[in-house]
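Here are my comments on the structure you sent, set out as numbered points that are best read with the model open beside them.

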Amino acid sequence: MALLTRIRGPRDLDPLTPGQITALAEEIRSFLVDAVSKTGGHLGPNLGVVELTIALHRVFDSPKDRILFDTGHQSYVHKLLTGRQDFSDLRVKGGLSGYPSRAESDHDVIENSHASTVLGYADGLAKANEIQGRKDHHVVAVIGDGALTGGMAWEALNNIAEAQDRPLIIVVNDNERSYSPTIGGMANHLATLRTTQGYERFLSWGKDALQRTPVVGQSLFETLHGAKKGLKDFIAPQGMFEDLGLKYIGPIDGHDEQAVESALKRAKGFGGPVIVHCLTQKGRGYRAAEQNEEDRFHAVGVIHPDTGLPVKTSGQDWTSVFGEEMVALGRERQDLVAITAAMLHPVGLAPFAKAFPERTFDVGIAEQHAAVSAAGLATGGLHPVVAVYATFLNRAFDQVLMDVALHKCGVTFVLDRAGVTGTDGASHNGMWDMSILQVVPGLRLAAPRDADQLRAQLREAVAVSDAPTVVRYSKGTVGPAIPALGRVGAMDVLRESPEPALGGVRADVLLVSVGAMAATCLEAADLLAAQGISSTVVDPRWVKPVDPALPALAAEHRVVVTVEDNGRVGGVGATIAQALRDAGVDVPLRDFGIPQEFLDHASRAEILEQIGLTGPAIAERVASVVAKQNLAGAAVDA
Ligand SMILES: Cc1ncc(C[n+]2csc(CCOP(=O)(O)OP(=O)(O)O)c2C)c(N)n1
């Protein structure tokens, strides 16, 4: 790493010769493979942007010039060139974040890591430069072809194009893939066709692909086809961008550093909005990644660097339980369709897509569209299952509310990675869904505690045809099955306590466990029992609406405790507290959940420990509440 270790900041790149730059790129690639194979992380995307990032930092002067990365998973090379070369604790508590992080460096500007926002930020920053007279400051936004499928990117382009003399450089990092090949991404298709295909092939590709795919779709095909433009306009991508009012430079070989540099220099001098279209290869230079069909090692766990194979295999995960059950359901019900927002494999829909390709829709990184399109599918007589990561449903809140719920559409949303996910940091924790969805009239929300419940509740969810249903579960391996001992109302009883005498107390504590917190609640109950405190543990299964039997059951206990892997504000605990008040049940309630904070990256276990969502921490706090109750009771008796 003779060259890399000499790069302490971007300006150290300036004196390098072309030969040294090639050598540096090679060093960076072997550094990335070595480091990321030990920690896990976004290997493929970063291997693809090595030359591009070097060129960006040679041509622009960060942090004076703002270099922004959409999503931010491709910022490892940027980190290496801006003084951060200790990757030993990447994504580990206290170590480097897996995304840009403003706490880490002045060179990092945005860290939201939800896709397709970078052009919006860039628009705002460029306007700020203009208003404040910073003529020599540049704004450069790097966006992937995948992120370009998101509607927000196009809303921003529409605005950016309006100011012809406001400088803003958009670098399209076109590797033709999101995780899987980008579907409907016009930049990559048009670029491919510009270099390799002719007009006739474009037309036949257009008929075949555009009519069925998102973003570009039928109407764009017709516009292109029907507009009677010249051949050049059909096959040259600048037509489309320049029609929008954006200068287009490209396509550039994104692995030819010199070529990228010279394109960026032209763009820098242009003085208005300009697109630099770079063609790159995800996983470049690492065979295992280049050959990986599924996602080119978009994100890996710990792997053997020589083979790319995972170091450890874990038990069955929630995602695959869902994936298998979807195939079974698909066989039983012809009306079942599946929607993914560019994450077919990560959300477990690949087996369904294989079995029922005509009933699977990849809509691009377009969660809002996924929800509205699902409303349309439901209105048309089908039952859509929209599978997304919990945190990304945030973006489609209004569509869930107004388009699905208001229209009483039978759509099932399956939220993977709900709750604390940890290593991806604040933006990826799925801690919002059970709060924002509480406000949606008619919506029913299930939080399965184990694989059996996931299968059962998915079936119950897709049976609802007149309202949105949601099934949410955690990241990673499913724990062992936790059988129900009985039922109260529709709630599973996981730990029983004796039937009370009329008006009497059943047990000291009623623990209401949400989803995967069941094992934690049972552990807390055991620890409380060891201190002579009795408890009942129930799993409501469907946490919205509140089970009508819950207030009466609560009234048979001295303290009610709710435990959820979701933000405390407006979550299940808060909703149950309201239901108890409405029913006139005044039993004290303590709600355990995630504090409403942006949590720094760390493992799930470390975060749960830190926020007190463990059996011992819950037992300790509940014991002190019970002790206070005892004291209060004793005072009343005296
Ligand atoms: C709103 C939102 N939905 C989904 C994701 C998950 N996601 C992260 S990266 C990615 C693919 C990005 O593809 P592209 O922009 O082309 O970047 P590349 O990884 O190919 O460089 C997706 C779907 C996200 N970050 N944000």
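1. Before turning to single residues, it helps to fix one term: a residue is called buried if 20 or more other C-beta atoms lie within 10 Å of its own. Please also keep in mind throughout that this is a predicted model.

2. With that cut-off in hand, Pro-448 is buried, because 25 other C-beta atoms lie within 10 Å. This proline sits in the loop that runs between strand E10 (444–446) and helix H20 (451–462). Leaving aside residues up to four places away in sequence, Pro-448 touches Gln-453, Leu-454, Gln-457, Val-471, Tyr-473 and Gly-515. Pro-448 and Gly-573, which are 125 residues apart in sequence, are 17 Å apart in space, taken from C-alpha to C-alpha.

3. Where does the ligand lie with respect to domain 1 and domain 2? Domain 1 (4–9 + 17–290) and domain 2 (318–472) both give residues to the shell around the ligand, so the ligand lies between them. The ligand is surrounded by 26 residues, of which the closest are Ala-115, Gly-144, Gly-146, Ala-147 and Ser-178. Sorted by class, this shell has nine nonpolar, twelve polar and five charged residues.

4. An open sheet of six strands, with mixed pairing, follows the order E12-E13-E15-E14-E17-E18. Its edge strands, each of which pairs on one side only, are E12 (486–488) and E18 (589–594). On average, and ignoring direction, neighbouring strands of this sheet are turned by 30° against each other.

5. Within this sheet, strand E17 (residues 557–567) pairs with E18 in the parallel sense over five bridges. Thr-562 has Asp-591, in E18, as its bridge partner.

Definitions and conventions: Residues are numbered from 1 along each chain as its sequence is written. This is a predicted model: local features need pLDDT of at least 70, side-chain atom pairs count only at pLDDT 80 or more; totals for chains, interfaces and linings use all residues. Two strands pair if DSSP finds at least two bridges between them. Helices (H or I, at least four residues) and strands (E, at least two) are DSSP runs, numbered from the N terminus. Axes are lines fitted to C-alpha atoms, for helices over the stretch in contact, and angles run from 0 to 180 degrees between N-to-C directions. A residue is near a molecule or strand if its C-beta atom, placed from the backbone, lies within 6 Å of it. Ala, Val, Leu, Ile, Met, Phe, Trp, Tyr, Cys and Pro count as nonpolar, Asp, Glu, Lys and Arg as charged, and the others, Gly among them, as polar. Domain bounds come from an automatic or database domain assignment. A residue is buried if 20 or more other C-beta atoms lie within 10 Å of its own, exposed if 12 or fewer, and partly exposed in between; C-beta atoms are placed from the backbone. Two residues are in contact if their C-beta atoms, placed from the backbone, lie within 7 Å.
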